[in-house]
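User: I am new to this structure. Please take me through it in short steps.

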Amino acid sequence: MSSETLDQPIQLSGAEQTAADREAQAALRARGPIPAHVACIMDGNGRWAKSRGKTRVTGHHEGVVSVRDVTEAAAQLGVEHLTLYTFSTENWHRPKAEVTALMELLVRTLRREAEKLHRNGIRLHAIGDLGRLPARGQRELQEAFDLTAGNTRMTLTLALSYGSRWEITGAVRQIAEAARAGRLDPADITEETVSDALLTRGLPDPDLLVRTAGEMRLSNFLLWQVAYTELYVTEKFWPDFRREALYEAVRSYQDRDRRFGRVEGE
Ligand code: IPE
Ligand code: IPE
Ligand code: MG
């Protein structure tokens, strides 16, 4: 079956899109440009749970509901790339029980959602040190990549066991090896050479980076790629970040003046 169901409504959540939501999206599109690439640092699952007297793992489960809603709304809006910081290289240092629960949640979510992503024309992609993930996780991921490889409506990239410094270090090593082998003259190294040696090669740089839960830091996420990305930090915890919150972030993005170092109006 072809996944090119571009005329069909996008539906990941099981509920049909409401007329009010369709109108909200149309108004947003009419209001200004929709960012082609949105990246999210999904933070605050633990604090969300704590504020309700629940376990951190419950917070991660509720976070998946936000992932589904934000993914669906982004695809409906016409966002081309959605990149979600799901698990960092530093997150491996969390208590073993939490890491295990997160990996379990990844496997279960992939199993439950991959087919739906496919039916909706969404391609699943991942960046990170995937070899460190448990074998079952790697298998589920590979199956989802294979299933959705031909889809073009939106690319959903999960940053998994991802760290920007780890990624850049790998790129430097790859470039140095090419130079040593005589395949590359160091004088020919350009910004593009570096970009192409990163795991994000082929992805445009993010236009909008959302961080939930209020922290004003990047936490080792896409350091090279966010050089000119518009940053948006909200106090909302990730489990509370649903489609209306995404629309608010996009409105903020639309109100920015992206100068890229030039003079306004040039
Ligand atoms: C984000 O929520 C999820 C991951 C980093 C995997 P946190 O688990 O970091 O939640 P807080 O920051 O402790 O509230
Ligand atoms: C960033 O959140 C990583 C992910 C969202 C996957 P963290 O909770 O790990 O970041 P810090 O510790 O607050 O910097
Ligand atoms: Mg956190």
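User: How far does a polar side-chain atom of Arg94 lie from an oxygen atom of ligand 1?

Analyst: This is a predicted model, and the distance is computed from it. Arg94 is among the residues that surround ligand 1. Its contact uses a polar side-chain atom, and the distance to a ligand oxygen atom is 2.7 Å.

User: How much of the accessible area of ligand 1 does the protein cover?

Analyst: On its own, ligand 1 has 380 Å² of accessible area. The residues around ligand 1 include Met42, His60 and Leu102. The backbone takes part too: a backbone N or O atom of Gly44 lies 3.4 Å from a ligand oxygen atom, and a polar backbone atom of Asn45 is 3.2 Å from one. The covered share is 87%.

User: Which residues does the UniProt annotation "active site" cover?

Analyst: The annotation comes from an unreviewed UniProt entry. Its residues span 49 residues in sequence, yet no two of their C-alpha atoms are more than 11.9 Å apart, so they gather at one spot. The lining of the largest pocket takes them in. They are Asp43 and Asn91.

User: Is Asp43 buried or exposed?

Analyst: Asp43 sits in the loop between β1 and α2. Its contacts farther along the sequence include Arg211, Phe237 and Trp238. Its relative accessible area is 17%, and buried means under 20%, so Asp43 is buried.

User: Which residue's backbone nitrogen does the side chain of Asn91 reach?

Analyst: Asn91 lies in the loop between β2 and α4. It is buried, with a relative accessible area of 17%. At 2.8 Å, its side chain reaches the backbone nitrogen of Ser88.

How values were computed:
Residues numbered from 1 in each chain as written. Chains lettered and ligands numbered in written order. Predicted model: local features only at pLDDT ≥ 70, side-chain atom pairs only at ≥ 80, totals over all residues. Heavy atoms only, no water. UniProt positions renumbered as here; feature names shortened; annotations may be inferred. 1 Å grid on protein atoms, 1.4 Å probe; cavity = no way out; pocket = protein on both sides within 12 Å on 5 of 7 lines; lining within 4 Å. Helix = DSSP H or I, 4+ residues; strand = E, 2+ residues; numbered from the N terminus. Buried < 20%, exposed > 50% of the residue type's maximum accessible area, 1.4 Å probe, protein only. Contact = heavy atoms within 4.5 Å. Polar contact = N/O pair within 3.5 Å; in protein donor to acceptor, adjacent residues only side chain to side chain. Near = heavy atom within 4 Å. Areas by Shrake-Rupley, 256 points an atom, 1.4 Å probe, with all protein chains shown as cover. Lists of a residue's contacts leave out its neighbours within four places in sequence.
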